[in-house]
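Reader: I am new to this structure and would like a close look at its aromatic rings. Please take me through them slowly, with the cut-offs behind each term.

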Amino acid sequence: MENEQIKKAKNSFLTGENFYVQHLLGVHKLRSYYVFRVWAPHAMQVWLVGTFNEWSESLPMQRDEQTGIWEVQTDLPSEGELYKYKIQQEDGQKQYKMDPFAIRLEPRPGTAAIVYTIPEKKWKDGLYRGRSKRSNYFKRPLNIYELHAGSWRFHWDGTPFTFKDLSKELVPYVKTMGYTHIELMPVMEHPLDQSWGYQLTGYFALCNTYGTPEEFQSFVEACHLANIGVIIDWVPGHFCVNSDAIAYYDGTATFEYTDRQRAENVRWGALNFDLSKPQVQSFLISNALFWLEFYHVDGIRVDAVSNMIYLDYDEKQWQPNHLGTNQNLDGIYFLQKLNAVVKLAHSNAIMIAEESTSATKVTGRLEDDALGFDFKWDLGWMNDTLAFFEMDPIDRGNKLNLLTFSFMYMSDEHYLLPLSHDEVVHGKKSLMHKMWGDRYKQFAQLRTLLVYLMAHPGKKLLFMGGEWGQFLEWKFNEGLEWHDLADPMNYAMQQYTKKLNEVYRSETALWELEETPQASIEFIDADNHEQVVLSFIRKGKRKKDFLIFVFNFSAVEYPTFELPVPFAGTYEEIFNTELAEFGGTWTQIQEDLQSQPVNNKKYQQAINLVVPALGAVILKPKTISLSTKR
């Protein structure tokens, strides 16, 4: 008779309430034998095949008629052996399929799963995780270093670093540079590097190229011991069409929609998950919790949310829902359920959405009909900002609104500002190469761009190589151009980014009030179109805790720029993009700046300072009178 616990697990899988379904399906070692279970509800027959039975049909599996789960118990396999499921479809054809719940797959181009039992790890990151639970990341600095694990660095023989290598070299590098988190493009198994990991085949399997599951656990632990969080990219909207993976698993629509029009994803040549199906919900939510719990990752960035919540997002014919709108109600329900379950189990897990529209509330409470994410990528800010910096300074005066428009909607969502991998591929040029002018001016503007990233309300993300101004676009099959750092300009840019990251982490005015961004910022002048100078204040909780940012987007230096300030007193310059140590020409920062009375509509005090061409300065109050009338 079947174990009562197994029965409950199967029934909750059917209803979409089993959020640890990997403990039911897949391969599990029980005493002296293994049990294999796979969901193939419309299969005529399923066999377990592998190296242990010479890939023969000698191990037929038994079907549970109620759930469509097939099972076999056997003592034939040994640890490390390969296996697949051989599925006879309704039309009589037989197809070899990989195990959707495999924790490890053989090296590519092979697609067999490995019989693999991972010993329980004795984690040493309890102190970090305890601090994270007590911390409100909305009110803390969040500065993410995004990278592709397969191309951050290569060995001398042309092989990419594994997570064992990255533990030794990436972790200390990120710590030295002052980032708070690492975000990894998908590390799950995928058949082609060209997809960067966004066409998944093995949702529970770490990509074999990157090393073993134990090595990834150790990598995350090393990050935590260095006080660095780990966020992973995850793709629950669509999956790879390869016939030996989960596509049409039993010969019928299993994980995808039955309606071919809804199942096919034309834009990415993929298949869309049927997010209305309870079993698919169990599969995906279990997968999210698996990465959070088994690997201790701190957050998940959900890719391509727009594709999940809009029926007309893809490049094909579409049908409105029963309400007559373009919303994918299945996708909306699933994402709300996902975030509810994740937050109930791990309230401190960071849930981030890549979503490109404004029609659906993405961040915020489920009770307010939002999707429940913590942060949303601000792709509008990214597009407008990069368009502005690519422009000839002569044309910028009339386009200052490209930089200021984002301040109009910054309270609509909790935003994360991304300068991501998507912006440095496919002929878009690297960040440094996007900048206008000769090489010197390009570096000057890249420095200013990164200050603007830090100054603008919202959490931060920068893709690898941008921190030192790599000139070439990112290539997934090559390491970063580390030899660039032999060039004094690139090295100075790297040291500049490190120093800027220190400013961001140490200055509470840049993140303390970001739950209410309108309270954290005050404009001095957002309409200086003639000089193309933007100035504003970022504020912390205390009245005297503020920073003043002055950006000069023109190619002309202003030696006596009058800047209104909120209080009488002395202001000190704490950061200047044109310092020689950063690649500029200034040998020292400006002396303390004393305010003087002025007749200004907003403030009654002002200071005079030098504002470098294509540069920015950060000022901080040193000795001020808070009683000054504004």
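Author: Arg 153 lies over the face of Trp 482, at 4.2 Å from the ring centre, where a charge counts as sitting over a ring if NZ of Lys or CZ of Arg is within 6 Å of the ring centre and within 35 degrees of the ring normal. Arg 153 also lies over the face of Trp 152, at 5.9 Å from that ring centre. The model is predicted, with local features needing pLDDT of at least 70 and side-chain atom pairs counting only at pLDDT 80 or more, while totals for chains, interfaces and linings use all residues. Residues are numbered from 1 along each chain as its sequence is written, and side-chain values use heavy atoms, with hydrogens and water left out.

Turning to rings that pair with rings, a search of the whole structure finds 59 aromatic pairs; rings of Phe, Tyr and Trp (its six-membered ring) pair if their centres lie within 6.5 Å, and planes under 30 degrees apart count as stacked, over 60 as edge-to-face and the rest as tilted. Among them is the pair of Phe 163 and Phe 216, which is tilted because the planes stand at 55 degrees, with the centres 4.6 Å apart. Phe 163 belongs to helix α3 (residues 163-177) and Phe 216 to helix α4 (residues 213-225), so this pair ties together parts that are 53 residues apart in sequence; helices are DSSP runs of H or I with at least four residues, strands are runs of E with at least two, and both are numbered from the N terminus. Phe 163 has 0% relative accessibility and therefore counts as buried, a term for under 20% relative accessible area, with exposed over 50% and partly exposed in between (1.4 Å probe, protein chains only). Phe 216, at 0% relative accessibility, counts as buried too.
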